[in-house]
Amino acid sequence: MPGAVSVEAGNGPAERAHRQLLDDQRDERRRTFRRPQRTVDTTRANRTGLGGRHLGVGVSLSGAFVALFLLWRFAVQWELYPNPMPTLVAWAVLLAAGAATLVAINRLPNRMPTWLFLTVLATGELIVGLDLAGYGRGDAVGTFPTAAAAVGALFTVLVTVRRGRDIVAATLVLGAVVAAGSLTAARTDSLVLAPAILTIGLCIFPPLLGVSVVRVFRRMVQRELDLVLVQSTVTQSSSAVGMLASEELARIDLDAETLLDDVATGRTALPLSAAKSAAAAALATQLRLHLIEGRRETWLHHALTESEFLGPAVNLDDPAGLAGQLSPVQRDALLLAIWLLISDTDGAEPTVSLVFGPLGRTSGHAIGEMLRFPIQIVIEGVPRRRVDPETWQAIRAVGPHIDSVRSGQLHVDIECSIDNPADA
């Protein structure tokens, strides 16, 4: 059960310097983060199977309903146009462009190429020009741009196949043009200003909302994929290389095999030239370094360094490699607790510091005795009241704990017990 809670003030220069150091370390890890290539390839290959296509269909349907409403509005105000034919042509071009875009998107593997995106933008510019020409700058009371506003629905179709900033930039330009055509026209009745504002909203809100929904969805999927990735490290041995190191070892092995094969087949003459000797020495040095790292880096180190979300926010201090001695249940519980502390927060990014050790033992030297060591977790940016109950349950699975609040930080001290490796 959690222990007593104490609160102390701590906003002095040393505390601020420590927080600045943690922020700098987090920014550096975020800049240098590199996801394993096999994970990137798998994610790209299964992009359509992660729900992105279904989300795109839903967003496109919402934009289609907006376009149908604007088409109905165009039909209602048909007789009010000074010259409705340009707007009618604009609608014909818009419907044809929308159908062609949907067909092209369904045939695309991942991203819409830039030339096709520019073609859609040029088509939208043509539609806006034709509609504003038929609209006659609002000389007739009760008319407003319709096809030009519906171009926003066309941009909504693209939110899953183009970067969000591309769609946002195009939408803002479109909204500015439609606003200029709707609000600058001479109006004899101030009450007609409301439909003009509605038209601008129907123009810009669907693509902007679609970009926001897609961005949140992708973030959620990336988090889930990241969690699956780091959970795969739980079953590793106490000390092993991670996926990034495995890929690097595979590359080094291929380079070494190529060099040896060249020597064996006579393509590379003996003795080796200075350049070949330097390359062989570099390969041997890299191989030794990876083998040494594989003996001192635990599963938790790889879980943190290979996680896009945990890596920048978690600091690990485990010089004795005690994390590798945890049982599978303790590993899974500790990783879940860290994940919940990082992911279940709003606002400021939290920081979690883990300190393992020193190693101790129970009294006596009987066979089968348990080894004990402390695990200290320091959480900054997460109030105790915001910690999910499931987090406390996961921490209890690691070992008995006491939590307290010191200097605005949540401290959790866990007494972890493990089987003595000497008895195995």
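These legends walk through several close-up views of a predicted model.

**Figure 1. The whole chain, before we zoom in.**
Start with the big picture: the chain has 13 helices and six strands. Of its 424 residues, 42% are buried. Now take the contacts in the chain with a separation of 6 or more: 77% of these join residues 24 or more positions apart. Keep that in mind, as several of the views below show pairs of this kind.

**Figure 2. Helix 6, a helix wrapped up by the rest of the structure.**
How many of the residues of helix 6 are buried? Ten of the ten, so helix 6 is largely enclosed by the rest of the structure. If you want to tick them off, they are A147, A148, A149, A150, V151, G152, A153, L154, F155 and T156.

**Figure 3. Helix 6 alongside helix 8.**
Here we look at how helix 6 meets a partner, helix 8, which covers residues 193-231. The two axes come within 7 Å and cross at roughly 10°. Angles under 35 degrees count as roughly parallel, and helix 6 and helix 8 are therefore roughly parallel to each other. On the helix 6 side, the contact is made by A148, A149, G152, F155 and T156. Helix 8 answers with T199, L202, C203, P206 and P207. Sort the residues of this contact by class and you get seven nonpolar, three polar and no charged.

**Figure 4. A closer look at G152.**
G152 sits in helix 6 and takes part in the contact with helix 8. Is G152 buried or exposed? Its relative accessibility is 0%, so G152 counts as buried. Leaving aside residues up to four places away in sequence, G152 touches L174, C203 and P207. C203 and P207 are also among the helix 8 residues in the contact of the previous view. Another residue to find here is I200: it is 48 residues from G152 along the chain, yet their C-alpha atoms are separated by 9.7 Å.

**Figure 5. The second largest pocket and its lining.**
This view shows about 450 Å³ of space in the second largest pocket. The pocket is lined by 24 residues, and the closest to its centre are S60, A64, G98, L102 and V157. Which helix gives the most to the lining? That would be helix 3, with eleven residues. Helix 3 (52-76), helix 4 (85-107) and helix 6 (147-156) each supply at least two lining residues. By class, the lining has 16 nonpolar, seven polar and one charged residues.

**Figure 6. T233, tucked into a loop.**
Look for T233 in the loop between helix 8 and helix 9 (243-265). Being in a loop doesn't put T233 on the outside: T233 is buried, with a relative accessible area of 2%. T233 touches W299, H302, A303 and R331, if you don't count residues up to four places away in sequence. R331 is 98 residues from T233 in sequence, and 9.3 Å from T233 in space, C-alpha to C-alpha.

**Figure 7. L341 and the residues around it.**
L341 belongs to helix 12, residues 328-343. With a relative accessible area of 4%, L341 is buried. Which residues does L341 touch, not counting residues up to four places away in sequence? They are P350, V352, I379, V382, V387 and T391. You can also pick out E380, 39 residues from L341 in sequence and 9.9 Å from L341 in space, C-alpha to C-alpha.

**Figure 8. S353 in strand 2, and G381 after strand 4.**
S353 is in strand 2, which runs over residues 351-356. S353 has a relative accessible area of 18%; under 20% counts as buried, so S353 is buried. Apart from residues up to four places away in sequence, S353 touches N315, Q376, I377 and V378. Then move to G381, in the loop between strand 4 (370-380) and helix 13 (389-398). G381 is partly exposed, with a relative accessible area of 41%. G381 and T351 are 30 residues apart in sequence, but 6.5 Å apart in space, C-alpha to C-alpha.

**Figure 9. S407 and its unusual backbone angle.**
Most residues other than glycine have a negative phi. S407 is not a glycine, yet it has a positive phi of about 55°. You'll find S407 in the loop between strand 5 (401-406) and strand 6 (409-419).

Technical notes:
Residues are numbered from 1 along each chain as its sequence is written. This is a predicted model: local features need pLDDT of at least 70, side-chain atom pairs count only at pLDDT 80 or more; totals for chains, interfaces and linings use all residues. Side-chain values use heavy atoms; hydrogens and water are left out. Helices (H or I, at least four residues) and strands (E, at least two) are DSSP runs, numbered from the N terminus. On a 1 Å grid over the protein atoms alone, a cavity is a set of points where a 1.4 Å probe fits but cannot get out, and a pocket is an open set with protein on both sides within 12 Å along at least five of seven lines; lining residues have an atom within 4 Å of a point. Grid points are joined across faces, edges and corners, and a volume is the space filled by probe spheres set on the points. Ala, Val, Leu, Ile, Met, Phe, Trp, Tyr, Cys and Pro count as nonpolar, Asp, Glu, Lys and Arg as charged, and the others, Gly among them, as polar. Axes are lines fitted to C-alpha atoms, for helices over the stretch in contact, and angles run from 0 to 180 degrees between N-to-C directions. Angles under 35 degrees count as roughly parallel, over 145 as roughly antiparallel, 65 to 115 as roughly perpendicular and the rest as oblique. Contact means heavy atoms within 4.5 Å. Buried means under 20% relative accessible area, exposed over 50%, partly exposed in between (1.4 Å probe, protein chains only).
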